[in-house]
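Trainee: Pick one part of this fold and walk me through it slowly, please. I'd like to know what surrounds that part and how it ties in with the rest of the chain.

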Amino acid sequence: MTVKKFLALYRVWYIGGPMTGLPNNNFDAFNACEADLLARGYPVVLNPAKFQATYKLDETDPEVMHRANLTRDLAYMVEHSADAIVVLPGWSESRGTRLETYFGYRYMGIPVFAYGDIDPLVPIRSEERRV
């Protein structure tokens, strides 16, 4: 089986990556990744930047905001039956993304792939999925 056919088995892709402390919450990178995956022919891409932009939490405590966003993102991944996670550069420094990948891989059996300027996507080794 070719890599392209292997990756085509995954229909619902969830994008994970760092947001906190980055300009525009790194939404530009999330949106560029989504556009690229859709252009590659993946039919469903779950982009947390899209649903975070529409979800406003009236809270000033950053820790409360982080927990609320992460809870919502995990629920979104489960509710929409993600079957692959693609992570943006810097993901391993993001507490939220590390938790998303751990939860997805450990409890849902979802493979995790690194996103970059290379084709194909590169699978993440299990030892890199630390929380």
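**A close look at strand 1**

Mentor: Going from the N terminus, the elements come in the order α-β-α-β-α-α-β-α-β-β. That makes five helices and five strands. Keep in mind that we're looking at a predicted model. Its mean pLDDT is 82, and 77% of the residues reach 70 or more. I'd pick strand 1, since that's where confidence is highest, at a mean of 93. At the other end of the scale is strand 5 (residues 122–123), where the mean is 60 and confidence is lowest.

So what does strand 1 look like up close? Strand 1 covers residues 12–16, and five of its five residues are buried. Here's some background before we go face by face: in a regular strand, side chains alternate between the two faces of the sheet. In strand 1, V12, Y14 and G16 sit on one side, with W13 and I15 on the other, and both faces are covered. For context, 40% of the protein's 131 residues count as buried.

Now for the neighbours in the sheet. Strand 1 runs parallel to strand 2 (residues 44–46), and three bridges join the two. Within that pairing, V12 stands opposite V44. Strand 1 also pairs with strand 3 (residues 84–87), again in the parallel sense, this time over four bridges. There, Y14 has I85 as its bridge partner.

How does the chain get from strand 1 over to strand 2? The path goes by way of helix 2 (residues 27–39), and the three elements together make a right-handed β-α-β unit. On the way, in the loop between strand 1 and helix 2, you'll meet N26. Have a look at its backbone: phi of N26 is near 65°, a positive value in a residue that isn't glycine. N26 is buried too, because its relative accessibility of 17% is under the 20% cut-off. There's another residue of that kind on the approach to strand 3. S81, in the loop between helix 4 (62–79) and strand 3, has a positive phi near 55° and isn't glycine either.

Let's look at strand 1 from across the sheet for a moment. L46 belongs to strand 2, and at 3% relative accessibility it counts as buried. L46 and Y14 are 32 residues apart in sequence, yet their C-alpha atoms are 4.6 Å apart in space. If you skip the neighbours within four places in sequence, the contacts of L46 include V12, W13, Y14 and I15. L46 also touches Y76, M77, H80 and A82. Links over a long stretch of sequence turn up throughout the protein: among contacts between residues at least 6 apart, 68% join residues at least 24 apart.

Next, the rings. Searching the whole structure turns up four aromatic pairs. One of them joins W13 to F113, a tilted pair with 5.4 Å between the ring centres and 45° between the planes. W13 is in strand 1 and F113 in strand 4 (residues 112–114), so this pair ties together parts that are 100 residues apart in sequence. Are the two partners buried or exposed? W13 counts as buried because its relative accessibility is 0%, and F113 counts as buried at 2%. For contrast, take Y102 and Y107, which form an edge-to-face pair at 6.2 Å centre to centre, with 80° between the planes. Y102 is partly exposed at 29% relative accessibility, while Y107 is exposed, with a relative accessible area of 55%. Back at strand 1, W13 has further ring company: ring pairs link W13, Y42 and F113 into a cluster.

Finally, the outside of the protein. About 7500 Å² is exposed, and carbon and sulfur atoms supply 56% of that.

To put strand 1 back together: it is covered on both faces, joined in parallel to strand 2 by three bridges and to strand 3 by four. Its W13 reaches F113 in strand 4 through the tilted ring pair. When you turn the model on screen, start from Y14, with I85 as its bridge partner in strand 3 and L46 among its contacts, then move along to W13 and find the ring cluster with Y42 and F113.

How values were computed. Residues numbered from 1 in each chain as written. Heavy atoms only, no water. Buried < 20%, exposed > 50% of the residue type's maximum accessible area, 1.4 Å probe, protein only. Pairing = 2+ DSSP bridges. Right-handed = clockwise from strand over helix to strand, strands pointing away. pLDDT = per-residue confidence, 0-100. Contact = heavy atoms within 4.5 Å. Areas by Shrake-Rupley, 256 points an atom, 1.4 Å probe, with all protein chains shown as cover. Phe/Tyr/Trp six-rings, centres within 6.5 Å; stacked < 30°, edge-to-face > 60°.
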